[in-house]
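Colleague: I've got the sequence and the model open side by side. Please take me through the packing, and spell out your cut-offs as you go.

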Amino acid sequence: MPATDGRYTLGVNIGFHDASAAVLRDGALVTLVEQEKVGRRKHALGQTPADAVTACLRSAGISADSLAGVAIGWDISRTKLAEHRRFGPAGLRRLLFPDAPPAEMPPVSWIPHHLAHAASAYYSCGEDDVAIVVIDGAGESQCTSIAHGRDGRIEILRELPIHQSLGFFYASASKWAGLGEWGAGKLMGLSAYGRPSHDVPLRPTPDGYALLVPGVDHTPDPNVFALSFTPEYENAVRSAFSCHYPYAERTGEEAMSYADFAASVQLAVEESVLSLAAEARRLTGARTLVLAGGVGMNCTMIGRLSRSALYDRVYVPPVPTDVGVSLGAALVEAAGQDSFHPVRMDHAYWSTELDDVAAAVSKAGLVSRSLPGTDLAATVAEALAAGRVVAWARGRGEVGQRALGTRSLLADPRDRRIWERLNIVKGREMWRPIAPSVLAEHVGDLFVDTVGDGADFMLEVGTVRPDVRVRMPATTHVDGSARPQRVSRTTNPVYWELIDQFRRRTGLPAVANTSLNLAGEPIVHSSQDAVSTFVRAPGIDLLVLDDLVVTRSETDLERTVELSSAAH
Ligand SMILES: [Fe+2]
């Protein structure tokens, strides 16, 4: 290993979906890249994290030879996979570094999946003594874990077996409602339209929860991954859904018929997780709760937890899904070193910079003008206030499934029709909600309750003040809720400035923000992706790429910039 200015660890998720890579220097996160965004395939199904590894190393300015260790967010040592050549040192060297392999494969650590999830939340929360709850589909042989993070170490206190999987339960319910394999977020959105009137086979218990599905039992086989249990589980749990209206799995267009079902499933999950969180409080005595695992994406549930008074603080990292186990595995590996200095995650901008913006614009035959930050913010604020839809791609991309103002599609939240327009631009269902990005200083002006730290990563739902609902109808959900992003002046100054400029023009300290991508595509990653999205979506009026304002014609460019100058 050549001499470098620190000890570098590479973490990867080479699991079944959501492959990713993260590079740490002395335990501090340097870069995290999701394979789905660089590989342009949702959830990176069937993909290795090789492209993400390449992007991470390039961004960190190191080669694979600089790595002191590689950590993987699954422990296959107890399965037959461990014997596979692909997972030996030579196989992994080829799998992870196909283009520029290191002279020698660095030492490899296989980190238990839930420990990696737990570490991603614990070591990034900025506190030492916390309760940790991990809830996902399945780890190697568990689906839910309670742990105590203290003195820099993680102690797993309780694990629930796979047949109690809340992740599988929610995914099965989403499929039943016709929302697809990855429809959990849609089911949560749909639940706001319904009343929880159905009986579902999930109950909170004094020490957590119980899934009571006849025929569902599972004894983990140490030779195979728990995920192989999914089809058996789904068959059993879905038959339990068929005793409620509309009695059959959805195959058509009538999503709203499943709203009461969605609300019932959502409520049962919320009650169960609240009970589990209370148990974690009893077991650890900690005043802060950190959560990870895919179920941590359920921002309605996070909002309830945050308001429940069970804990002083509820923290979820921006990558609670399997994307985050690259980070978590690397943190576990690095935590054993004297040089370990993890960073508190107070922002999500850990992906890579945009590349060759000017070249991407001219290659597509578009025109642009470079504007300094304040003028850029003023120009875009003016465009938004005039009803234009703006693609906003600047600097290092955010990690996770929420666009947080570096790869976002923005609009005016005061106009209800904007909600419909944004869904048309993106080619998605008309009932899907759009969220607001709110100046951190003004969150209390717009929301009834205190909104917790989950709002830093748009992972927590809050209740919009009744008088504000009519002022931002495009970003208030049917039940009066919204999923705000709390925008900090420190961590994204130009985005903050843009919203502040919008506030000065309109009186509203918020813009409508949805992810910059079209239906079925991952959030844009590169300049090329952003330009391609703009070119293919005529409903997007303006593109911002770093400091460039980009339009389709000179006339439009002149008009856009002049409009802003006139308003100054
Ligand atoms: Fe997971």
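Colleague: Which elements are included in what covers the buried residues of H4?

Modeller: Helix H4 (residues 113–122) has 10 of its 10 residues buried, where buried means 20 or more other C-beta atoms within 10 Å of a residue's own, exposed means 12 or fewer, and partly exposed is in between, with C-beta atoms placed from the backbone. Helices (H or I, at least four residues) and strands (E, at least two) are DSSP runs, numbered from the N terminus. I call two residues in contact if those backbone-placed C-beta atoms lie within 7 Å. By that reckoning, the cover over H4's buried residues includes strands S6 (130–135), S7 (144–150), S8 (153–160), S11 (288–292) and S12 (313–315), plus helix H10 (325–335).

Colleague: What sort of model is this?

Modeller: Residue numbers start from 1 along each chain as its sequence is written. Local features need pLDDT of at least 70, side-chain atom pairs count only at pLDDT 80 or more, and totals for chains, interfaces and linings use all residues, since what you have here is a predicted model.

Colleague: Why is H2 largely enclosed by the rest of the structure?

Modeller: Ala-50, Asp-51, Ala-52, Val-53, Ala-55, Cys-56, Leu-57 and Ala-60 are the buried ones in H2. They pack against strands S1 (8–13), S2 (20–25) and S3, as well as helices H1 and H3 (89–96). H2 (residues 50–60) is largely enclosed because of the count of buried residues: eight of the 11.

Colleague: And which residue just after H2 takes a positive phi?

Modeller: Look right past the end of that helix. The phi there is about 75°, and the residue is Gly-61.

Colleague: Which element gives the largest share of the side of domain 1 that touches domain 3?

Modeller: The chain splits into domain 1 (8–114 + 324–335), domain 2 (162–316) and domain 3 (357–567), with bounds from an automatic or database domain assignment. Seven residues from domain 1 and six residues from domain 3 make the contact. On the domain 1 side, strand S3 (28–34) and helix H1 (35–39) each supply at least two residues. The largest share, three residues, comes from H1.

Colleague: How are H5 and H7 set relative to each other, parallel, perpendicular or oblique?

Modeller: Helix H5 (residues 166–176) and helix H7 (residues 230–241) have axes 9 Å apart, at an angle of about 60°; axes are lines fitted to C-alpha atoms, for helices over the stretch in contact, and angles run from 0 to 180 degrees between N-to-C directions. Angles under 35 degrees count as roughly parallel, over 145 as roughly antiparallel, 65 to 115 as roughly perpendicular and the rest as oblique. So H5 is to H7 oblique.

Colleague: How many residues of the H8 contact with H9 are nonpolar?

Modeller: The axes of H8 (residues 259–284) and H9 (residues 299–307) come within 10 Å and cross at roughly 40°. H8 brings Gln-266, Val-269, Glu-270, Val-273, Leu-274 and Ala-277, and H9 brings Thr-300, Met-301, Arg-304 and Leu-305. Ala, Val, Leu, Ile, Met, Phe, Trp, Tyr, Cys and Pro count as nonpolar, Asp, Glu, Lys and Arg as charged, and the others, Gly among them, as polar. On that scheme two are polar, two are charged, and the nonpolar number is six.

Colleague: Last one: is Ala-210 buried or partly exposed?

Modeller: Ala-210 sits in strand S10 (residues 208–211). Beyond its neighbours within four places in sequence, Ala-210 is in contact with Arg-203 and Thr-205. With 15 other C-beta atoms within 10 Å, Ala-210 is partly exposed.
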